[in-house]
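Let's walk through this structure together, one feature at a time. Keep the 3D view open beside you and turn it as you read.

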Amino acid sequence: MTEAISLGNVSVAIGMPVGKPIPPMTVSSIFATAYQLGQMGIRCDLLMQICGVVTIARDSVLDEFLKCGADKLIWVDSDIAWTPQDFLRMLALSTKYDVIAVAYPSRSHDGNLFQVNTDGIAEHSISEHGLFNINGTGLGFCIVDRKPLELLAAKAPRVLEGYSQKEMAEVFRVDRTPSGHRRTEDIAFFDDLREAGFTVWCDPSIELGHIGEKEWRGRFADAIAATNQET
């Protein structure tokens with residue numbers, strides 16, 4: 001479906017937890033996106049938190065976002081490469097959906113696996129814009145509206161952080177599910193959103209780069225098409 005979506009006066013913040021040096025391709029994506037948004041008159045805040053513990057970094061990014069006044073927060077991992085067009089598509093769709101993620105190739109499987117949880121979701125649960133209803137995926141490229149983030153932060157326990165003793169909401173955590181399975185901070189985050197009544201959508205059309213010893217590239221849509229051909 002082709003539809004022109006007006007961005008209006010929407011503003012966005014890029015939230016990036018950083019635990020190691022940022023690859024040049026990610027830096028290039030940031031600069032190209034910031035330039036494009038500036039040309040379009042769209043406010044963009046860059047919220048980076050350097051910390052070796054990803055849950056702490058994410059909580060710090062979220063705390064800064066809640067104070068900055070932007071409408072949308074797009075989580076971006078520091079090893080992801082994208083285009084300004086990818087970013088603008090996500091921003092436009094975020095005016096219609098509260099939570100949109102993009103699946104990207106797993107580095108641990110040589111780029112041949114997309115880790116997306118759709119357990120218990122109807123096979124053809126697809127929106128009019130081609131988005132898939134999912135339980136969760138990696139949080140490396142995901143845009144979330146302010147409202148659900150404010151809700152999760154309000155429900156979360158408060159914690160004093162490190163030497164600064166800054167108080168913030170403790171939203172992100174690594175824990176276990178009731179069945180005893182380990183749950184990473186991104187899946188716990190998506191579970192919290194769904195339990196609060198929000199739907200998590202995945203845009204399979206966007207191709208992201210996932211950078212490690214090399215750059216793995218891929219679109220979830222191509223993986224779906226290949227699976228359908230095999231069956």
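A good place to start is the largest pocket, whose volume comes to about 650 Å³. Bear in mind that this is a predicted model. The lining of that pocket is made up of 32 residues, and those closest to its centre are Arg58, Asp77, Tyr104, Asp186 and His210. If you colour the lining by class, you will find 13 nonpolar, 12 polar and seven charged residues. Several elements take part in building the wall: β1 (12–18), α2 (54–68), β6 (116–117), β8 (136–137) and α5 (185–195) each give at least two residues to the lining.

Next, turn to one of the sheets. Three strands form an open sheet in the order β4-β15-β16, and their pairing is antiparallel. At its edges stand β4 (80–81) and β16 (215–219); each has a single partner strand, so one side of each has no neighbour in the sheet. Strand β15, residues 207–211, is joined to β16 by five bridges, and the two run antiparallel. To find one of these contacts in your viewer, pick Leu208, whose bridge partner in β16 is Gly218. Strand β15 also offers a link back to the pocket, since its span is residues 207–211 and His210 is among the residues closest to the pocket centre.

Now look at helix α3, which spans residues 84–93 and is mostly covered, with eight of its 10 residues buried. Those buried residues are Pro84, Asp86, Phe87, Leu88, Met90, Leu91, Ala92 and Leu93. What lies over them? The cover includes β1, α1 (24–39), β3 (72–76), β5 (99–101), β9 (141–145) and β15. Two of these names are already familiar: β1 helps to line the largest pocket, and β15 pairs with β16 in the sheet.

Finally, a point for anyone thinking about cysteine chemistry: how many disulfides does the structure hold? The count is zero. A disulfide is a covalent bond between the sulfur atoms of two cysteines. For Cys44, the closest cysteine sulfur belongs to Cys68 and lies 9.7 Å away, which is too far for a bond; a pair would count as a disulfide within 2.5 Å. Looking from the other end, Cys68 likewise has the sulfur of Cys44 as its closest, at 9.7 Å. As for their surroundings, Cys44 is partly exposed, at 28% relative accessible area, whereas Cys68 counts as buried because its relative accessibility is 19%, and the limit for buried is under 20%.

Key:
Residues are numbered from 1 along each chain as its sequence is written. This is a predicted model: local features need pLDDT of at least 70, side-chain atom pairs count only at pLDDT 80 or more; totals for chains, interfaces and linings use all residues. Side-chain values use heavy atoms; hydrogens and water are left out. On a 1 Å grid over the protein atoms alone, a cavity is a set of points where a 1.4 Å probe fits but cannot get out, and a pocket is an open set with protein on both sides within 12 Å along at least five of seven lines; lining residues have an atom within 4 Å of a point. Grid points are joined across faces, edges and corners, and a volume is the space filled by probe spheres set on the points. Helices (H or I, at least four residues) and strands (E, at least two) are DSSP runs, numbered from the N terminus. Ala, Val, Leu, Ile, Met, Phe, Trp, Tyr, Cys and Pro count as nonpolar, Asp, Glu, Lys and Arg as charged, and the others, Gly among them, as polar. Two strands pair if DSSP finds at least two bridges between them. Buried means under 20% relative accessible area, exposed over 50%, partly exposed in between (1.4 Å probe, protein chains only). Contact means heavy atoms within 4.5 Å.
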